[in-house]
Amino acid sequence: TLAPVLTIDGPGGAGKGTISRMIAEHMGWHLLDSGALYRLTALSAMRNGVAVDDAEALSLQAQALDVLFAVEDGAMQILLEGDDVTTAIRSESVGNAASQVAALPPVRAALLQRQRDFCKTPGLVADGRDMGTVVFPDAPLKIYLTASAEERARRRLLQLQQAGEDARLSTLLEEIQARDARDMQRSVAPLKPAEDAVELDTTQLDIPEVVERIETLLAERK
Ligand code: C5P
C-alpha cells in the first residue's frame, strides 16, 4: 500500500467511529469503517436466512456483499443491494450477530482484500479491531483507543436516547462486556493493541481532545 494509513482500533464504544470520521474529514482522507462490513455481512445473512454459525455460507455472503458507501449531505450513507441500511446495521441485534460472524476465519478472509482496497491516495483512516494488527500491519501510525466499560455503556445509552430509543444501562454494560470478551478471546484477529500502537484511554477525554492528540501524533510521524 502506497498511501499513508492511520489505524484506530479498540473495543466498541471507545469513540473510534466519530473520531475516525472527524480526522478523515480534516485530513481529506478516505475512511474505512470495517465494523460496518461485519455488520453488513450479518444483516445480509439474517435477511437471507443464513445461520450465524454457518461459516461457509457466511463467507459466501461476505464475498458477494453488494455494498455502496455514499456521502449524502456530508453524512455517510450505506446501501446494501441498493437498500439504505445506514440505521438498520446499528441495532444491537445486528451488532451482536456481527461479533459472532466476525469470529469465523473464512468470513475474515473474505473481507480482507475488500478492506485493503480502501487504501488510496491521499490516505486512509481505518477504524476497527484488527486494522493495525492484521489488515494494515505497516501503517505508520496505529492508535488503540479504550475507555472503561462503564463509560462506554453510558455513551451508548446517550446515543440510543438521542435516537429516541430506550435501554437499560445494566443491560448495555452486560452486552458490552460480552462483546469485548468475544472480540478479545477469539482465535483469529483477536482485539488487542498492535505492538507498535499508541494506547489512548478516552474515559476522561472528550472527542476534540482525542482528535487533537491523534492529529498531533500524525503530524509528528509524517
Ligand atoms: O465496530 P463495530 O461495533 O461496528 O463492529 C461490530 C463487530 O464487528 C465487532 O463487535 C467485532 O466483533 C467485529 N469487527 C471485527 N473486526 C473489525 C471490525 C469489527 O471483528 N475490524
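So, Ala3: leaving aside its neighbours within four places in sequence, this residue is in contact with Cys119, Lys120, Thr121, Pro122 and Gly123. Keep in mind that we're looking at a predicted model here. Ala3 sits in the segment before β1, which is 5-9. Is it buried or exposed? Ala3 comes out at 9% relative accessibility, and the cut-off for buried is under 20%, so it counts as buried. One of those partners, Pro122, is 119 residues away along the chain, yet the two C-alpha atoms are separated by 5.9 Å.

Let's stay with Pro122 for a second. You'll find Pro122 in the loop between α5 and β6. The peptide bond leading into it from Thr121 is cis, with omega near 5 degrees. As background, most peptide bonds are trans, and most residues other than glycine have a negative phi.

That brings me to two residues with unusual phi. Glu81 has phi near 50 degrees, a positive value, and it's not a glycine. Glu81 lies in the loop between β4, 75-80, and β5, 83-84. At 58% relative accessibility, Glu81 counts as exposed. Then there's Ala189, also not a glycine, with a positive phi of about 45 degrees. Ala189 is in the loop between α8 and β8, and β8 is 198-201. Ala189 has a relative accessible area of 13%, so this one is buried.

OK, on to the ligand. Which residues come nearest to it? There are 16 residues around the ligand, and the nearest are Arg39, Arg108, Asp130, Asp183 and Arg186. By type, the shell splits into eight charged, four polar and four nonpolar residues. Helices α2, α4 and α8, that last one being 169-185, each supply at least two residues of the shell. The biggest contributor is α2, with four residues.

Now some distances. The side chain of Arg108 has an N or O atom 2.7 Å from an oxygen of the ligand. For Asp130, a side-chain N or O atom is 2.9 Å from a ligand nitrogen. Ser34 also has a side-chain N or O atom 2.9 Å from a nitrogen of the ligand. And how much of the ligand does the protein bury? Taken alone, the ligand exposes 450 Å², and 95% of that is buried by the protein.

Next to Asp130 in the numbering is Arg129, in the loop between β6, 124-128, and α6, 131-135. At 18% relative accessibility, Arg129 is under the 20% cut-off, so it counts as buried. Its side chain makes a polar contact of 3.2 Å with the side chain of Asp183, and Asp183 is one of those residues that come nearest to the ligand. Not counting residues up to four places away in sequence, Arg129 touches Asp9, Gly10, Pro11, Gly12, Lys16, Asp183, Arg186 and Leu191.

Last stop, helix α3, residues 55-64. The buried residues in this helix are Leu58, Ser59, Gln61 and Ala62. Looking down the axis of α3, those buried residues fall within an arc of 155 degrees, so they line one face of the helix. What covers them? The cover includes α2 (34-47), α4 (92-101) and α5 (105-116). On the face of α3 turned away from the buried side, you get the exposed residues Glu56, Leu60, Gln63 and Ala64.

That's my tour.

Terms used
Residues numbered from 1 in each chain as written. Predicted model: local features only at pLDDT ≥ 70, side-chain atom pairs only at ≥ 80, totals over all residues. Heavy atoms only, no water. Buried < 20%, exposed > 50% of the residue type's maximum accessible area, 1.4 Å probe, protein only. Arc of directions from axis to C-beta. Contact = heavy atoms within 4.5 Å. Near = heavy atom within 4 Å. Polar contact = N/O pair within 3.5 Å; in protein donor to acceptor, adjacent residues only side chain to side chain. Areas by Shrake-Rupley, 256 points an atom, 1.4 Å probe, with all protein chains shown as cover. Nonpolar A, V, L, I, M, F, W, Y, C, P; charged D, E, K, R; others polar.
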